[in-house]
Amino acid sequence: MPLYEILCISAHAAKYEEIHGLVKQTALTVMNNGGVVRSINSWGTRTLPMRIKRYKASHTVAEWVLKWIE
């Protein structure tokens, strides 16, 4: 089975529980469809290379999470 490296970039949240819930939900979706999650590494809060405008908000920082999925 191929190994995928996925970098997820999420809008910065005031509470880490929101990010943890998002990561947990995506991992459960992969496992429920027969995949295997090899590792999840949080890279923490990082500055985005450019400002992103989405839903009338401007984002300059985000939460970065690296996942290894098979």
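Biologist: In this predicted model, how do you know that the span of helix 1, residues 16–32, agrees with what its number of residues should give?

Modeller: The expected span is 1.5 Å times one less than the number of residues, so the 17 residues of helix 1 should span 24 Å, and its end C-alpha atoms are indeed 24 Å apart, which agrees.

Biologist: What makes you say that the buried residues of helix 1 line one face?

Modeller: In helix 1, Ile19, Val23 and Ala27 are buried, and, seen down the helix axis, the buried residues fall within an arc of 65°, so they line one face. An α-helix has 3.6 residues a turn, so residues three or four places apart point the same way. The face turned away from the buried side carries the exposed residues Glu17, Glu18, Lys24 and Asn32, while the buried residues pack against strand 1, strand 2 and strand 3.

Biologist: Why is Ser10, which is found in strand 1, called buried?

Modeller: Buried means under 20% relative accessible area, and Ser10 has 18% relative accessibility, so Ser10 counts as buried. Leaving aside neighbours within four places in sequence, Ser10 is in contact with Ile19, Leu22, Ala62 and Glu63, and Glu63 is also its bridge partner in strand 3.

Biologist: What makes strand 1 and strand 3 a pair?

Modeller: Two strands pair if there are at least two bridges between them, and strand 1 and strand 3 (residues 57–69) have 8 bridges, in the antiparallel sense.

Biologist: Why are strand 1 and strand 2 said to stand at the edges?

Modeller: The 3 strands form an open sheet in the order 1-3-2; strand 1 (4–11) and strand 2 (37–54) each have a single partner strand, so one side of each is left without a neighbour in the sheet.

How values were computed:
Residues numbered from 1 in each chain as written. Predicted model: local features only at pLDDT ≥ 70, side-chain atom pairs only at ≥ 80, totals over all residues. Heavy atoms only, no water. Helix = DSSP H or I, 4+ residues; strand = E, 2+ residues; numbered from the N terminus. Buried < 20%, exposed > 50% of the residue type's maximum accessible area, 1.4 Å probe, protein only. Contact = heavy atoms within 4.5 Å. Arc of directions from axis to C-beta.
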